[in-house]
Structure formats: structure tokens, C-alpha cells
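The following exercises concern a single structure. Please work through each task before reading its solution.

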Amino acid sequence: MIEFKEKRIKAVNFIKQKLDIDPKIGLILGSGLGEYSNELEDKKIIKYSEVPGMAVSTVEGHAGEFVFGKKFGKDIVAMNGRVHYYEGYTMKEIAFPVWIMKELGISKLIITNAAGGLNKTFRPGDLMVLTDHLNFMNNNPLIGKNDDEIGPRFPAMTEAHPQEMIEVAEKAAKKADIHIMKGVYLAITGPVYEGYAMSKFQRLIGADAVGMSTVPELIAGTHAGLDNLAISCITDVMKGKDEESLTHEEVMMVAKKVKPKFKRLINNILEIL
Ligand code: HPA
């Protein structure tokens, strides 16, 4: 990751020259959830395409901009859209904005995504706070020479989901009268949705939800010493053989329906933090 050090410094200098900002909380908004950035006050936007070294999302539902603003008097940087491994980007390109946000001053990172439900008690539209994750991407953004300025060579993933942050999400959900699930997220590369045997296997090894993102950013955040909080919007559950196959449109449609609930949860989380 050392090769990204210069890029990071360049990107951070570019943003700092453009805007007078001091974000403390980073918020990565997943598929169909980007609109939350409209909630921020005193908004200032920088498109990813303007930032030197930043990768730009090619997926529908991912706008591709940093939105700087305030909520409950707190300085926030929201990522309206992210890039994914299946788009052909490297793990380091995916982690890059986390390194930028860390350098800009954040200490807390909220990561959201759309995910498929494996736990049989989950229903489309449920929200799940991650208590742990399984990395089935067979890759890691920290491979390569370590950047000691950001974090240690061998960070422990037991630190990836701090209990205090999980409790913040639970408290926020309770206040919003939302029944929030807790569980383990399994990351696959995508872009394929799993078949029957794969879903069965994923459930068997302890996953409650499956998706194509979040874990690279979680690893980068943990390495950088950030307090992470990851939340999945469950957009679908394992299909029966007599049902229509899952489509991206279905995922986006459910994410859209969940928006008001998601908004209430994130608002309450930001208020508590
Ligand atoms: N599998 C993988 N990724 C997903 C799914 C799924 O079922 N739903 C939304 N993202």
C-alpha cells in the first residue's frame, strides 16, 4: 500500500485546497442508499472524478461523489456511491477513499451496503448490524508493503466491529422503533449472485448475509484505527427453485423502499455518536 501513499497525499491536498472541512465521521453509502447524503446540511460536493487517484463507480445506484456537510452539529463526509471489486478495481483502489477520509480527520467510519439474507429469520427490508465478517474475496487491500503511517503490518480483525459501535446502532434502532438484526456478513467478489449450493454453504459456515462490498473498506478502516460500524440493508432472501431469480433491479427496488427506515436509523446513529 506504500505506493498509494503519494496518491493519498495528493488527493488529500486537493480536497483541502478546495474546501475548508474537518470531518470526524465517514459514511459510505451503498447501493441505492446514496440519497442519505441529502440529509446533510451546509453541503459541499466533490466528484470522485475530480479527485486525483480516485476510482469512479460504473454501477447504477452509485453517484460517485464525496458530500461534506453537517448533521447534529457534527462534521460528516459521506461517500455517495462506492467502487466494487467486481468492477475490475483493485482492493487498494477500493480502500483508497478510506485512507483519504482518515487523513482528512475521521475517527469513525459507518459502512452501509445492500445484501442478500441467509439467516432464515431475515426478510427483505430488514436492517442488520454487522457483528463480524467473513472475507471470501480471496484478496486484501493491505497486501504489499505496509504504510506504517496508517497502521500496523498485522492488524487484528477482532477489532473490526467494536462493541461500543454495535451498541450505538442498537440504541439508535430502538429510538427509531426499528427491529434491527445482528449478524455475520460474508463478502464475495460478485458480480454473480449465488446459486443454491453456494447459499447453503454460506449459511452453513455461519454467514447471516452476503454481499459484494464492505469488507475491503472494513479492513482498511480497522488497519487505520477507525471505529467501524457496518450496516446491511437486506434486499432479498434465498430464493426457492420455483421463484424468479434475483436481479439488480429487485435489489435496488427494495433498497429504495427501505430508505425512510434507513434514514431514521442513520440519523439516530449520527445523533448519538
Ligand atoms: N448476494 C450477493 N450480493 C447481494 C445480494 C445477494 O443475494 N443481494 C444484494 N447484494
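**Exercise 1.** How far is a nitrogen atom of the ligand from a polar backbone atom of A114? Identify further polar contacts of the ligand and its surroundings.

*Solution.* The model is a predicted one.
Step 1: the distance from a ligand nitrogen to a polar backbone atom of A114 is 3.5 Å.
Step 2: for G116, a backbone N or O atom is found 3.2 Å from a nitrogen atom of the ligand.
Step 3: the side chain of E194 places an N or O atom 2.5 Å from a ligand nitrogen.
Step 4: of the 260 Å² of accessible area that the ligand has on its own, the protein covers 94%.
Step 5: the residues around the ligand also include Y193, M212, D236 and V251.

**Exercise 2.** Determine why strand 7 (residues 181-187) is described as largely enclosed by the rest of the structure, and find its pairing partners.

*Solution.*
Step 1: a residue is buried under 20% relative accessible area.
Step 2: strand 7 is largely enclosed because 6 of its 7 residues are buried.
Step 3: strand 6 (residues 127-135) runs parallel to strand 7, joined by 7 bridges; N135 has A187 as bridge partner.
Step 4: strand 8 (residues 209-211) also pairs with strand 7 in the parallel sense, over 3 bridges, and A209 is the bridge partner of Y185.

**Exercise 3.** Describe the largest nonpolar core and the surroundings of F68.

*Solution.*
Step 1: the largest nonpolar core has 49 residues, and I15, F66, F68 and I100 have the most contacts inside it.
Step 2: helix 2 (residues 91-104) contributes the largest share of this core, 9 residues.
Step 3: another core, of 33 residues, lies apart from it and includes A169 and V254.
Step 4: beyond its neighbours within four places in sequence, F68 contacts residues including I15, L19, D42, K44, I76 and L104.

Key. Residues are numbered from 1 along each chain as its sequence is written. This is a predicted model: local features need pLDDT of at least 70, side-chain atom pairs count only at pLDDT 80 or more; totals for chains, interfaces and linings use all residues. Side-chain values use heavy atoms; hydrogens and water are left out. A nonpolar core is a set of buried Ala, Val, Leu, Ile, Met, Phe, Trp, Tyr and Cys residues joined through side-chain atoms within 4.5 Å. Buried means under 20% relative accessible area, exposed over 50%, partly exposed in between (1.4 Å probe, protein chains only). Helices (H or I, at least four residues) and strands (E, at least two) are DSSP runs, numbered from the N terminus. Contact means heavy atoms within 4.5 Å. A residue is near a molecule or strand if one of its heavy atoms lies within 4 Å of it. A polar contact is a pair of N or O atoms within 3.5 Å; within protein, one must be able to donate a hydrogen and the other to accept it, and residues adjacent in sequence count only if both atoms are side-chain atoms. Accessible areas come from the Shrake-Rupley method with a 1.4 Å probe; for residues, only the protein chains shown count as cover. Two strands pair if DSSP finds at least two bridges between them.
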